[in-house]
Amino acid sequence: MTSFLTSRFGGLALRNVMTNRNGINSFGLRCFSTNSVNGLRNIGISAHIDSGKTTLTERILFYTGRIKEIHEVRGKDGVGAKMDSMDLEREKGITIQSAATYCKWGENHINIIDTPGHVDFTIEVERALRVLDGAVLVMCGVSGVQSQTITVDRQMRRYNVPRVVFINKLDRTGANPWNVIEQLRKKLNLNAVALQVPIGKESNLEGIIDLVSEKAMTFGEKGSAPIIEDVPSNFIELVKEKKIELVETIANDDDELGEWMIENDFPNNMPDEKTLTAAIRRTTIARKVVPVMMGSAFKNTGVQPLLDGVIKYLPSPNEKKIIALDTSVKDKETEVELDSDPKKPFVGLAFKLEEGRFGQLTYMRVYQGTLKRGDMIKNVNLGKTIKVPRLVRMHASEMEEVSEVGPGEICAMFGVDCYSGNTFTHQNCSYTMTSMHVPEPVMSLSIQPKSKDGQANFSKALSKFQKEDPTFRVKSDQESGQIIISGMGELHLEIYIERMKREYGVETIVGKPLVAYRETIQQRGDYNFTHRKQSGGQGQYAKMIGFAEQSENGLENEFVNDVIGTAIPPNFIEAIKKGFKDCIDKGPLIGHPVVGVKFVVTDGATHSVDSSELAFRIATAGAFKESFEDGDPTILEPIMKVEISLPQEFQGTVISGVNRRKGAIVNTTTQGESLTFECEVPLNNMFGYSTELRSMTQGKGEFSMEYLKHTNVSRELFNTLLEEYKKKRQEENK
């Protein structure tokens with residue numbers, strides 16, 4: 001018997017799920033490693049915010065029999081979509097945390113991770129794609145390629161994830177799938193090709209025509225089994241044209257289909273369904289072609305054919321090459337290809353952590369071997385050996401306890417102390433998986449509990465949130481004593497402050513948002529600095545000569561030792577290097593980190609008694625300050641790439657709003673009655689914009705933003721920041 005544990009953050013409820021002798025429970029699902037790896041798919045559903053990812057996942061769960069009723073995102077029934085299990089997600093109508101589930105389609109099993117679309121929660125997409133074998137990129141049929149679509153595409157390329165595209169919302173006014181496919185080709189440089197043609201458009205959308213089988217599919221009430229018919233006569237020409245385009249696109253990248261075309265008088269003869277499906281699968285897995293399917297999840301159209309497409313065209317775990325690094329020989333890492341074999345030594349990656357009332361929940365992707373309850377496994381990164389306590393499989397906020405998990409599966413472990421990105425292996429194995437990319441935070445806030453009673457829970461919450469989310473950072477300002485939290489944007493930090501209140505009962509006082517300014521120089525600055533201190537007994541002496549200039553490696557800092565001979569001994573050079581690192585952590589202008597500086601030491605002098613590492617470390621601070629002041633210092637501010645979508649009627653007021661915030665509009669696209677502006681705006685000027693945009697557009701406008709670059713601040717802002725920092729220092733010194 002297998003028990004269900006309910007609620008990620010709430011109380012514990014028990015339900016029973018009977019399991020028969022074949023290991024199949026009452027949902028018709030195998031819960032462990034007896035599945036054939038060939039019939040398994042691990043997919044992520046990713047897209048720009050509000051493209052319909054969670055709605056699509058809800059339909060997939062319904063049609064696979066995983067849930068009995070469909071509930072909408074922001075639904076009027078107050079239930080909300082299954083995958084949005086946090087109260088905050090249901091209230092705001094957005095996905096905040098990626099949620100995992102699994103379902104069965106035919107004889108195949110699919111593990112699904114539904115990811116957030118908002119750029120503030122991009123780490124959730126990053127870590128999901130790190131462990132998945134394939135993905136569904138959901139596009140809005142009206143808006144097409146948007147800012148977060150570009151980010152998700154970049155992440156999919158980073159982890160070599162094959163994908164299919166689902167063009168959603170074809171029932172909406174202005175929807176045009178052919179425009180979206182053209183944008184995929186031009187803006188994302190994808191070799192996208194349609195596998196389907198819609199029957200009707202906008203409010204008259206009736207179904208789709210599958211180009212591979214040349215059959216029309218219409219969908220009844222609540223997407224019951226599709227009605228399959230011959231292609232309507234008025235679509236025959238369009239279907240022929242699009243099928244020729246499909247076959248030619250695939251044949252350009254697939255030699256087998258190319259040979260078939262030459263030998264079989266194409267286009268008078270068309271490849272059969274089996275031949276064409278195999279060719280599409282080969283090119284999709286090789287990431288040479290991106291198949292495009294279409295429909296409307298909200299109107300229950302095209303979801304079942306998409307599930308068929310996931311099985312037909314996306315890879316199983318043993319079809320994707322997985323590389324680990326063998327660290328058994330010290331200082332010599334060698335690449336090893338992992339095998340989806342249940343009998344080989346276990347290798348898995350902890351890709352996501354969650355903190356609930358019952359301890360840490362660690363999400364694990366098993367790459368090789370079998371993970372069993374009670375096994376002794378090794379955390380390669382921390383060098384610790386642990387006993388596997390409890391294994392569960394996730395269904396959004398619910399957990400199903402299992403005894404073992406095989407290769408290719410995604411599961412979770414309770415009560416294991418580790419960090420996101422740690423590799424776990426069999427005790428006798430020392431493989432490590434490469435870590436995932438973690439973007440740098442762009443915004444900070446000062447925060448403190450309202451009352452002293454909340455201090456313990458406040459510290460506990462910050463500690464747990466940091467473990468859960470690598471983009472959420474906490475530091476203590478040494479001068480002011482304030483706690484500073486940093487994250488990916490206003491919404492990101494707002495969500496954590498709200499979670500602190502709901503989950504830990506801590507009311508907080510939040511300070512003004514702090515922007516991640518940086519300090520740098522614009523020209524070469526020389527220094528010739530001597531540090532002397534004599535106070536009886538051994539004194540301090542260190543002399544340094546050199547210069548600082550702009551680094552050739554963008555915003556990276558460099559230290560260069562150009563001292564000839566032993567004017568400064570090697571042990572003091574190491575002290576200078578440490579002193580330079582101290583200096584760049586807190587710049588001389590406004591106390592923000594220094595970037596893009598190359599610090600060069602060319603000469604110096606020492607005293608046989610008074611010179612020490614401490615003396616040279618202090619001298620470095622003086623030398624750095626001298627060269628920094630001589631190098632025409634400036635302050636850099638983060639510039640955000642902002643994408644604003646709005647109805648055309650509000651164009652004038654929105655443009656004036658962007659200009660008022662000192663933004664520059666770099667591109668404008670029109671889709672029917674909708675407008676999209678691409679702008680570059682300083683982050684410092686973007687606070688409170690969501691409220692302003694809503695009021696300017698009667699709630700019809702929306703925007704997203706992501707970090708683009710750092711550039712010089714205006715002279716006016718430069719002087720203001722210097723004055724504010726000076727006042728702050730004076731108050732602290734009182």
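In the predicted model, helix α1 (residues 53-63) packs against α9 at an angle of about 85°, and the two axes are 10 Å apart. Because angles of 65 to 115 degrees count as roughly perpendicular, α1 is roughly perpendicular to α9. On the α1 side the contact is formed by Leu56, Arg59, Ile60 and Tyr63, and on the α9 side by Val303, Gln304, Leu306 and Leu307. By residue class, this contact of α1 with α9 comprises six nonpolar residues, one polar residue and one charged residue.

Helix α9 (residues 303-313) is also approached by helix α8 (residues 273-285), with axes that come within 9 Å and cross at roughly 75°. This crossing makes α8 roughly perpendicular to α9. From α8, the residues Glu273, Thr277, Ile280, Arg281, Thr284 and Ile285 take part, and they meet Ile311, Lys312 and Tyr313 of α9. The contact of α8 with α9 divides into four nonpolar, two polar and three charged residues.

The loop between α7 (255-263) and α8 contains Pro267. The peptide bond that joins Phe266 and Pro267 is cis, with omega about 10°. A second backbone feature is found at Glu202, a residue other than glycine, where phi is positive and near 55°. Glu202 is placed in the loop between β9 (196-199) and β10 (207-210). For comparison, most residues other than glycine have a negative phi, and most peptide bonds are trans.

The strands β9 and β10 belong to an open sheet of four strands, ordered β9-β10-β11-β12 and paired in antiparallel fashion. At its edges are β9 and β12 (227-229), each of which pairs on one side only. From one strand to the next, the twist averages 25°. Within this sheet, β10 is joined to strand β11 (residues 215-218) by four bridges, and the two strands run antiparallel. In this pairing Ile208 stands opposite Met217 of β11.

Another open sheet has three strands in the order β15-β14-β26, again with antiparallel pairing. Its edges are occupied by β15 (334-337) and β26 (431-432), and each has a single partner strand, so one side of each is left without a neighbour in the sheet. Strand β14 (residues 323-326) and β26 run antiparallel and are joined by two bridges. Asp326 is located opposite Tyr431 of β26.

Strand β19 (residues 376-379) runs antiparallel to strand β20 (residues 384-387), to which four bridges join it. Met376 stands opposite Lys387 of β20. The hairpin of β19 and β20 has four residues between the strands, and Gly383 in this hairpin takes a positive phi near 70°. Strand β19 is further joined by three bridges to strand β25 (residues 423-426), and these strands also run antiparallel. Here Asn379 stands opposite Phe424 of β25.

Internal space was examined next. Rolling a probe the size of a water molecule over the atoms shows where empty space is left. Six cavities of 30 Å³ or more are found in a search of the whole structure. The second largest cavity has a volume of about 70 Å³. Its lining consists of Ala100, Thr101, Tyr102, Asn111, Ile112, Ile113, Tyr363, Arg393, Met394, Ile410, Cys411 and Ala412. Two or more lining residues of this second largest cavity come from each of β4 (99-105), β5 (108-114), β21 (390-395) and β24 (410-414). Classified by type, the lining of the second largest cavity has nine nonpolar residues, two polar residues and one charged residue.

Terms used: Residues numbered from 1 in each chain as written. Predicted model: local features only at pLDDT ≥ 70, side-chain atom pairs only at ≥ 80, totals over all residues. Heavy atoms only, no water. Axes fitted to C-alpha atoms, helices over the stretch in contact; angles between N-to-C directions. Parallel < 35°, antiparallel > 145°, perpendicular 65-115°, else oblique. Contact = heavy atoms within 4.5 Å. Nonpolar A, V, L, I, M, F, W, Y, C, P; charged D, E, K, R; others polar. 1 Å grid on protein atoms, 1.4 Å probe; cavity = no way out; pocket = protein on both sides within 12 Å on 5 of 7 lines; lining within 4 Å. Points joined across faces, edges and corners; volume = space filled by probe spheres on them. Pairing = 2+ DSSP bridges.
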